[in-house]
Structure formats: C-alpha cells, structure tokens
There are 2 protein chains.
Amino acid sequence: MRDVAVIGTGMTPFGELWETPLRSLWAEAAIKAIDNAGIDSVDLITIGCMSSGLFTGQEHLASLLADELGMAGVPAARVESACASGGLAVRAGFAEVASGLSDTVLVTGVEKMTDVDGADATYALGTAADSEWEGFHGVTFPGLYAMLARVHMERFGTTREQLAHVAVKNHANGLLNPHAQYHLKVTIDDVLNATMVADPLRLLDCSPVTDGAAAVVLTTVERARAIAGDRPIVVIRGSGMATDTVTLANRADLCELNAVKLAGERAYAMAGKRPADIHVVEVHDCFSIAEICCIEALGFYERGQGGPATASGCTSLGGAMPVNTSGGLKSKGHPVGATGVAQAIEIFRQLRGEGGERQVKDAHVGLAQNMGGSGASSTVHVFERV
Amino acid sequence: MRDVAVIGTGMTPFGELWETPLRSLWAEAAIKAIDNAGIDSVDLITIGCMSSGLFTGQEHLASLLADELGMAGVPAARVESACASGGLAVRAGFAEVASGLSDTVLVTGVEKMTDVDGADATYALGTAADSEWEGFHGVTFPGLYAMLARVHMERFGTTREQLAHVAVKNHANGLLNPHAQYHLKVTIDDVLNATMVADPLRLLDCSPVTDGAAAVVLTTVERARAIAGDRPIVVIRGSGMATDTVTLANRADLCELNAVKLAGERAYAMAGKRPADIHVVEVHDCFSIAEICCIEALGFYERGQGGPATASGCTSLGGAMPVNTSGGLKSKGHPVGATGVAQAIEIFRQLRGEGGERQVKDAHVGLAQNMGGSGASSTVHVFERV
C-alpha cells in the first residue's frame with residue numbers, strides 16, 4: 001500500500017450563504033485547495049454530500065461539479081454516509097492513492113442546507129435515522145441525542161453544566177476561526193438558559209444548519225515531498241471506518257458509540273498509535289453530548305470521564321488534549337457533507353503549524369473523527385507531520 | 001496494486017416488487033452473493049444507490065444495510081453517480097482490495113423505485129440531469145435521449161428501424177434470463193407502433209422503472225484461487241471512470257458519449273486489451289439510442305455503424321460481438337443503483353460458462369459499461385477468466 005499525504009486545503013466560510021448555490025460553494029473550496037497545493041490537475045475527485053437530492057433537488061453531483069471546475073472528463077465519485085459523508089470522501093480518496101489507481105485526488109465535501117425551509121431541512125436530516133423505525137414515529141436528531149444524553153447523565157452522573165462546557169469551549173475556539181459560522185462568546189449561563197430543544201438539550205447544545213464546502217488534495221508521499229520543498233508534509237497514517245445499528249433502540253448500550261470506538265481502534269492499529277500519542281483532535285460535536293461520547297469512545301477518557309474532563313479544561317486550547325480547536329460543528333457550523341473534510345483541514349493546519357491564534361504547541365500527530373446519524377457510521381483518520 | 005477477483009454473485013429478480021422494502025431486497029442479493037462466494041465475513045461493503053432519499057425517504061443506507069445483514073460494525077460506504085452508481089460501487093470495492101485496505105469486499109447496488117408514483121419517480125430520475133439548466137425547463141430523460149437520437153439520425157443516417165432492433169434483440173435475450181423484469185417477445189413492428197414517448201423514442205425504446213438489488217464479492221486473486229478450487233476465477237483487469245458535462249447542450253458533439261469513450265480507453269489501457277479482445281459486453285441501454293452510442297464510444301464499431309451493426313445481428317446472441325446478453329436495461333429492468341452491479345454479474349457468469357441458454361461460446365474476456373444521466377458519468381470494467 002502506498003503512503004498518502006495531504007498537500008493542500010481550501011474551504012469556504014461556513015454560514016447561511018443565501019446568495020451562493022451549491023456548485024459555486026464547492027468550486028470555491030476546490031479552487032482554493034488546488035491553488036494551495038500548488039498543482040494544476042488531479043486524477044480523480046471525491047465528493048462527500050449527504051443529501052443534495054432532498055436539500056437542492058440535484059443528484060449526480062460528481063459530474064456536475066467536475067464540470068463546474070472545468071474538469072469534465074476527470075473521474076469523480078460522490079459518497080454518502082449521512083453526516084460522515086466528508087470523512088468517507090477522505091477514505092475513498094485515500095484508497096485511490098494508496099492502491100495506485102490515482103496519484104492525486106481532490107477530496108471534497110459540500111452541503112447547501114438553506115435552500116429549503118426549516119421543516120424540510122429537519123426532514124432531510126431525519127433520513128439519516130431509520131425512517132421506518134425512528135423517523136415515522138416523529139423523533140428527530142435532537143430527540144435521539146437527548147435520549148443518549150439522559151442515559152449518560154443517569155449512568156455516569158454527567159451534569160447539565162458539563163454539557164454546557166462543550167459549547168462554551170467550542171464557541172471560544174470558533175472566535176479564533178475566521179471561517180466559523182458564529183463568532184460569539186458563550187457562557188455557561190447562556191447555554192443553561194437557552195431555548196429548550198429536547199430535554200436536556202438546549203439551543204446552544206446543538207450544531208446549526210449551515211452552507212459550506214471544504215477540500216483537501218491527497219497525493220503520494222513522494223510527490224508531496226517534491227511539492228512541499230522545505231515545508232513539513234502531513235501523512236495519513238491510519239484510516240478506520242465502522243458502522244453500528246442506525247436505530248438507537250437496537251443498541252446494547254445506549255450511550256456507547258460503538259462505530260466510533262471500532263473506527264478509532266482500526267485507525268490506531270493501522271497508524272501504530274495510541275490515544276496518548278495524539279496531540280490535537282477534531283470530533284463530531286453535532287450535539288454537546290456527542291463530543292463527550294466521542295472523546296470517550298476514542299479512548300482519550302474513561303467512560304463517564306468525558307464530562308468532568310471537559311469541565312476541567314483538559315480539552316480546551318492550552319489543555320492536555322485540545323478538542324475541536326476549529327470551533328467544532330457547534331461554532332464553526334455543520335454543512336453535513338463538508339464537515340469531515342473541514343476536520344481534516346483543521347488537523348492539517350495544526351500539524352503544519354498554521355493554526356494561527358488557535359495553534360496547539362508542538363502538535364505533530366492529530367486525529368479527525370466524523371460520524372453519521374446517532375453514531376451509526378464513523379470514520380477516523382490519524383495524521384502525522386513528517 | 002493487488003490483483004482483484006470476483007468470487008460470488010447474487011441478485012433479486014428485477015421487477016415491480018411492491019411487497020418488498022429496499023432493505024429486504026438488498027439483503028436477499030447480499031446473502032445470495034455471500035453464499036455463492038462460499039465465505040462467511042467481509043471486510044467492507046459498498047452500496048451503489050442513486051436516490052434512496054427521494055425514492056424512499058431514507059439516506060444513510062450503508063449503516064442501515066450492514067445492520068440488516070447482521071453485520072453492524074463492518075465498514076460500509078454508499079456511492080452515487082446517478083444510474084452509474086452500481087459501476088461506481090464496483091470501482092470503490094476494487095480500490096479497497098487493490099490498495100490492501102480490505103481483503104474481501106461485498107459490492108452491492110440497490111434501488112427501490114416503485115414506492116413513489118410515476119411523477120415523483122420522473123422527478124427523482126430528473127435530478128441526474130442538471131436541475132438548474134435542464135430540469136427546471138421541463139426536459140426529462142426521454143426528451144434528452146430523443147434529442148441525442150435525432151442528432152445521430154441526422155448525422156449518420158441511423159434509422160428508426162435500427163433503433164427498434166436494439167429493443168428486439170434485448171427482449172429476445174431477456175426471454176432467456178429468469179431474473180429479467182420482462183419475458184416478452186417483441187417485434188420490430190411492436191416497437192415502431194408503441195406509444196410515442198419523446199419523438200423518435202417510443203415506449204419500447206425505453207428502459208422501465210424497476211425495483212431490485214445485485215451483489216458481487218471481490219477479493220484478492222490468492223483468496224479467490226483458494227476458494228474456487230478447480231473452477232476458473234474471474235479477475236478485474238481494468239477499471240476506468242470518466243465524467244462529461246451533465247448538461248447535454250454544453251457538449252461539443254451532441255451524440256458522442258465522451259465519458260464512455262474516456263472510461264473505456266482507461267479500462268482498456270489498464271487491462272492491456274483492445275475492443276477486438278472482448279468477447280461479451282454489457283452496455284447501458286437505458287434507451288435504444290444509448291446502446292448504439294455506447295458500442296460506438298467503446299470502439300466496437302465506427303461512429304455511425306452502431307445502428308447497421310445491430311440491425312445486421314452482429315450484437316445478437318450468436319453474432320460476432322454479443323451485447324447485453326442479460327436482456328440489458330431494456331428487458332432485464334433498470335433499478336438504477338443496482339444496474340452496474342448486475343452487469344458485472346452477467347459478465348462474471350458468462351466468463352465462468354454459467355450463462356445457461358444465453359451462454360456466449362468460448363467467452364473469456366468481457367466488459368461492463370454503466371453510465372449516469374445522459375452519459376455525464378461512466379464506469380467501464382474489463383473482466384478476464386484465468
């Protein structure tokens with residue numbers, strides 16, 4: 001298997017981008033990544049997108065977007081695993097380069113969510129749950145994660161305040177990220193007093209509806225070294241994927257994210273790393289409770305310790321294990337198909353020392369974890385600066 | 001790059017399967033393929049599906065279906081390139097095994113199209129065209145392919161009767177395929193007198209709306225040999241993909257399928273084969289004119305010779321170059337996400353000598369070509385018995 005490196009990144013600002021259609025958002029990120037990589041052609045394009053069909057009435061994105069970039073002819077593939085679609089696009093690009101089928105791949109993610117109204121967006125997102133066993137009965141994702149939060153609180157004593165710390169931390173990080181949807185200082189009291197969405201989750205526990213696109217360029221380590229010159233290069237050391245039951249009710253343990261755990265174990269094994277080797281992490285904080293479950297499933301904290309660790313500042317910038325330095329889905333925004341690619345961008349920039357005000361000191365190994373539904377699919381990638 | 005073999009296949013009957021939900025259709029094909037392969041586990045699952053979101057209100061199929069098979073935990077990926085989604089699933093599985101990321105992959109395709117009414121199915125299929133530049137203006141796929149047919153007729157003198165020969169041949173082949181949607185002898189007069197859909201295309205020039213699923217198991221050549229024992233094994237020698245503009249109007253040549261041509265050239269180059277080396281072919285005959293354009297784009301006939309070659313019987317069973325021995329999309333049916341995988345199944349069975357009444361004598365190299373939209377994306381795979 002060939003080693004694979006990241007050589008360039010690009011993304012749009014994340015937000016409610018009413019004026020910009022999907023194809024233009026995507027092209028902006030793609031062109032920035034190609035320019036940042038310093039290349040002029042790619043062998044293949046992967047596109048993570050959850051539901052352009054339901055959000056914008058357009059499938060067949062791969063060809064549409066290759067053409068938008070002036071690259072009609074180039075092979076292109078759309079992949080989907082709900083909100084893990086971006087992570088899946090990274091995996092698909094990684095497999096192409098690792099196999100030798102392609103030398104250089106443009107890996108992208110995009111979602112245009114504000115072309116439909118709130119109810120239709122909720123319906124579209126709800127198709128990531130089991131439509132027959134969950135959706136038809138009226139439960140939406142805030143409801144599913146609220147149940148997960150309740151179990152975590154009952155089982156481990158996780159508190160409402162600990163959940164709030166996730167939002168406070170991620171909004172503090174997002175203040176330092178010019179691409180973030182919200183530049184907004186949030187306090188514990190703000191979270192505790194925000195509008196109730198699904199008890200115990202309030203508005204500030206929830207990631208928003210977002211438009212945006214993100215792109216990275218993957219290539220062989222040899223080509224990456226030739227392009228990077230004196231700059232360090234970033235290699236993908238491990239790629240792990242896993243699934244779980246989509247229906248939350250079918251899980252043996254309601255608040256253990258088994259797909260995240262399995263994907264993490266697979267990525268660690270491939271990378272030859274342990275959780276203690278990781279310096280900076282992006283996890284899928286679609287809801288505050290999700291971040292706590294993810295940092296536990298990835299082995300950074302024992303089960304039940306995710307809440308206390310967050311409240312104590314361990315996962316903050318400057319803490320022992322900075323999590324979601326980008327602002328996470330909570331503050332940076334969550335254009336669902338783009339999120340997994342944007343996470344890879346944050347880790348790449350951190351490892352190259354390009355993190356700006358949110359740089360983690362001496363970070364040279366990082367991890368990005370993306371998931372779909374209530375954790376029914378997950379991808380984990382481990383990156384290392386070499 | 002590791003060599004990759006096909007070791008088992010399974011499919012549902014294709015048709016209007018009102019009683020069977022998507023997940024059950026898929027599981028039937030998957031279990032048959034696993035059983036046929038003689039294995040008991042896989043490392044990864046790929047799923048080609050065009051639009052379960054619009055057809056059934058369910059995205060996130062990868063996790064849903066892995067769980068349906070009792071395989072929650074196993075990595076799974078859905079891929080989409082409109083009606084080329086099945087071919088893309090083959091490519092994605094091929095990349096996984098070729099790279100060494102996975103040893104054994106279950107490659108599947110599925111579409112459940114009859115859960116919505118005809119207008120909604122037409123809308124869903126229309127999202128494979130450019131929604132802003134084609135769909136919003138009212139054109140549907142029969143209309144797009146009708147324009148392509150008109151240009152081909154004007155340019156090359158292709159006749160209405162030659163188009164009819166495609167349907168007559170494919171229905172004759174479908175009579176020999178127990179999995180086909182239609183077992184129906186069709187004459188030239190039947191086609192010429194069928195209901196007009198979009199001039200010059202009539203009802204019997206068009207592939208139907210279909211439910212169905214198909215699956216193949218891919219693995220390393222070493223494992224395939226160990227499992228096959230004395231039976232011949234079938235290796236994927238070449239995998240080619242390409243895109244074209246989605247909007248028909250943007251193409252320099254309205255009746256040349258450039259994505260098919262490029263994907264074919266890439267697959268031939270990788271396989272070290274020429275068109276003359278191929279013994280049996282499945283192409284994407286979503287409309288009669290599509291088959292004619294595809295056999296030209298793949299280099300089997302000069303441009304403009306596809307119609308005469310078909311009318312002369314060259315592409316019939318027993319002809320010099322049998323095309324769509326399965327019955328093609330026309331007679332076998334076209335569950336859009338499953339089609340590309342079902343094509344691979346037909347080629348596999350032909351190369352193993354398991355073609356039954358429709359066996360092509362001495363076939364040991366075959367080709368499967370799948371495409372999306374009006375040819376805006378295409379995959380081509382070359383298979384060889386060794």
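The following exercises, with worked solutions, concern the two chains of a predicted model.

Residues are numbered from 1 along each chain as its sequence is written, and chains are lettered from A in the order in which they are written. Because the model is predicted, local features need pLDDT of at least 70 and side-chain atom pairs count only at pLDDT 80 or more, whereas totals for chains, interfaces and linings use all residues.

**Exercise 1. Determine which rotation and shift superpose chain A on chain B.**

Step 1. Copies are superposed by least squares on the C-alpha atoms of residues with pLDDT of at least 70 in both.
Step 2. Chain A falls on chain B, with an RMSD of 0.0 Å, after a rotation of 180 degrees and 0.0 Å of shift along the axis.
Step 3. The two copies are thus related as by a two-fold rotation axis.
Step 4. In chain A, Ser99(A) has the C-alpha nearest this axis, at 1.7 Å.

**Exercise 2. Describe the side of chain A that touches chain B, by elements and by residue class.**

Step 1. Contact requires C-beta atoms, placed from the backbone, to lie within 7 Å. By this criterion, 48 residues of chain A are in contact with 49 residues of chain B.
Step 2. Helices (H or I, at least four residues) and strands (E, at least two) are DSSP runs, numbered from the N terminus. Elements of chain A giving two or more residues to this side include helix 2 (52-56), helix 3 (61-68) and strand 3 (76-80). Helix 4 of chain A provides the largest share, six residues.
Step 3. For the classes, Ala, Val, Leu, Ile, Met, Phe, Trp, Tyr, Cys and Pro count as nonpolar, Asp, Glu, Lys and Arg as charged, and the others, Gly among them, as polar. The division is 24 nonpolar, 17 polar and seven charged.
Step 4. The copies meet through the same surface, because 100% of the interface residues of chain A are also interface residues in chain B.

**Exercise 3. State how strand 3 of chain A is joined to strand 3 of chain B.**

Step 1. Two strands pair if DSSP finds at least two bridges between them.
Step 2. Three bridges are present here, and the strands run antiparallel.
Step 3. Opposite Arg78(A) stands Glu80(B).

**Exercise 4. Characterise the contact between the two domains of chain A.**

Step 1. The bounds, which come from an automatic or database domain assignment, give domain 1 (4-117 + 209-228) and domain 2 (138-206 + 238-385).
Step 2. Taken over C-alpha atoms, the domain centres are separated by 23 Å.
Step 3. Contact involves 34 residues of domain 1 and 29 residues of domain 2.
Step 4. On the domain 1 side, helix 4 of chain A supplies the largest share, eight residues. That side divides into 20 nonpolar, eleven polar and three charged residues.

**Exercise 5. Establish how many residues of strand 8 and of helix 3 of chain A are buried.**

Step 1. A residue is buried if 20 or more other C-beta atoms lie within 10 Å of its own, exposed if 12 or fewer, and partly exposed in between, with C-beta atoms placed from the backbone.
Step 2. In strand 8 of chain A, nine of the ten residues are buried. This strand is joined to strand 11 (residues 377-385) of chain A by nine bridges in the antiparallel sense, with Ser239(A) and His381(A) as bridge partners. Strand 8 also pairs antiparallel with strand 1 of chain A over three bridges, where Val4(A) stands opposite Ile236(A).
Step 3. In helix 3 of chain A, seven of the eight residues are buried, among them Leu61(A), Leu64(A) and Asp67(A). Gly70(A), with a positive phi near 75 degrees, follows helix 3.
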